[in-house]
Amino acid sequence: MTKKKSNSLSVFLRIEGIVLIIAVLLIVVPAFLPKVLGYQTYHVVSGSMEPELSVDDLIIVRKAGEYSVGDVVVYRSGRMSVVHRIVSADEKTVVTKGDANNAADAPISPSDIDGRVVCSIPKAGVVVDFLRTPLGVVI
């Protein structure tokens with residue numbers, strides 16, 4: 001291999017390495033840093049919030065002092081977390097509905113809400129879930 005080809009290859013590998021590091025940081029930082037700063041991350045697993053949120057999106061959620069009609073929130077329903085939009089609210093109850101659903105959900109207590117969606121990263125949920133597995137941690 002000539003010196004010119006060798007230099008071109010090493011430049012390419014450096015650029016490829018930098019791109020890979022940036023890509024990993026764009027996924028890892030939103031997945032793990034938010035907990036330190038009071039945020040939580042969730043992986044969207046249904047299409048009930050299409051087109052705003054899609055399956056496999058990563059959403060970042062933060063607890064708020066109060067919630068308003070129109071806010072997209074995550075709340076607990078039994079052992080599941082649900083991400084839907086608030087369609088009505090008073091001091092004691094909040095009613096939510098998935099944007100793609102025909103009917104509203106049963107009323108919930110404001111204390112059931114984990115937080116308001118502040119950001120979403122399309123399709124990053126799958127990668128973050130993998131990085132949280134033993135194999136993902138090793139890689």
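Let's start at Ser54, which sits in the loop between β1 and β2. Everything I show you today comes from a predicted model, so please keep that in mind as we go. Is Ser54 buried or exposed? Ser54 has a relative accessible area of 18%, and because the cut-off for buried is under 20%, Ser54 counts as buried. And what does Ser54 touch, once we set aside its neighbours within four places in sequence? The answer is Val44 and Lys123.

Hold on to Lys123 for a moment. Lys123 belongs to another loop, the one between β6, residues 113–121, and α2, residues 124–131. Its backbone has something to look at as well: phi of Lys123 is near 65°, a positive value in a residue other than glycine.

Now back to the loop between β1 and β2, where we find Asp56. Asp56 is not a glycine either, and its phi is positive, at about 80°. How does Asp56 fare for accessibility? Its relative accessible area is 25%, and since buried means under 20% and exposed means over 50%, Asp56 falls into the partly exposed class.

Staying in this loop, let's walk back to Pro51, which is also placed between β1 and β2. Which kind of peptide bond joins Glu50 and Pro51? It is a cis peptide bond, with omega at about 5°. If you have the structure open, do zoom in on that bond.

Next comes Met49, again in the loop between β1 and β2. Met49 has a relative accessible area of 1%, so it is buried. Leaving aside neighbours within four places in sequence, Met49 is in contact with Val72, Val83, His84, Arg85, Lys97, Gly98 and Asp99. Now try comparing sequence with space. Met49 and Asn101 are 52 residues apart along the sequence, yet their C-alpha atoms are 7.9 Å apart.

Ser48 is found in the loop between β1 and β2 too. Its relative accessible area is 13%, so Ser48 is buried. Which residues does Ser48 contact, beyond those within four places in sequence? They are Val83, His84, Gly98, Asp99, Ala100 and Asn101. You will have heard some of those names a moment ago: Val83, for one, is also in contact with Met49. There is a C-alpha distance to note here as well, since Ser48 and Lys97 are separated by 8.5 Å while being 49 residues apart along the chain.

Let me step back to the whole chain. How many helices and strands are there? The protein chain has three helices and six strands. Reading from the N terminus, the order is α-β-β-β-β-β-β-α-α. The chain has 139 residues, and 30% of them count as buried. We can also ask about contacts between residues at least 6 apart in sequence: 52% of those join residues at least 24 apart.

One of the strands gives us another pair that is separated in sequence. Ser77 lies in strand β3, residues 72–77. With 38% relative accessibility, Ser77 counts as partly exposed. From Ser77 to Ile113 you count 36 residues in sequence, and the C-alpha to C-alpha distance is 9.6 Å.

Now for the empty space. Rolling a probe the size of a water molecule over the atoms shows where such space is left. The largest pocket in this model has a volume of about 260 Å³. It is lined by 14 residues, and those closest to its centre are His43, Val45, Ser81, Val82 and Val83. Which elements give two or more residues to that lining? They are β1, residues 39–43, and β4, residues 80–89. The largest share comes from β4, with five residues. What about the chemistry of the lining? It divides into nine nonpolar residues, five polar ones and no charged ones. Notice Val83 again: besides being one of the residues closest to the pocket centre, Val83 is in contact with Ser48.

Last topic: rings. A pair of aromatic rings is described by the distance of the centres and the angle of the planes. How many aromatic pairs does a search of the whole structure find? It finds zero. Still, there is a ring worth pointing your viewer at. Arg62 lies over the face of Tyr39, at 4.8 Å from the ring centre.

That's my tour. Thanks for listening!

Key. Residues are numbered from 1 along each chain as its sequence is written. This is a predicted model: local features need pLDDT of at least 70, side-chain atom pairs count only at pLDDT 80 or more; totals for chains, interfaces and linings use all residues. Side-chain values use heavy atoms; hydrogens and water are left out. Rings of Phe, Tyr and Trp (its six-membered ring) pair if their centres lie within 6.5 Å; planes under 30 degrees apart count as stacked, over 60 as edge-to-face and the rest as tilted. A charge sits over a ring if NZ of Lys or CZ of Arg is within 6 Å of the ring centre and within 35 degrees of the ring normal. On a 1 Å grid over the protein atoms alone, a cavity is a set of points where a 1.4 Å probe fits but cannot get out, and a pocket is an open set with protein on both sides within 12 Å along at least five of seven lines; lining residues have an atom within 4 Å of a point. Grid points are joined across faces, edges and corners, and a volume is the space filled by probe spheres set on the points. Helices (H or I, at least four residues) and strands (E, at least two) are DSSP runs, numbered from the N terminus. Ala, Val, Leu, Ile, Met, Phe, Trp, Tyr, Cys and Pro count as nonpolar, Asp, Glu, Lys and Arg as charged, and the others, Gly among them, as polar. Buried means under 20% relative accessible area, exposed over 50%, partly exposed in between (1.4 Å probe, protein chains only). Contact means heavy atoms within 4.5 Å.
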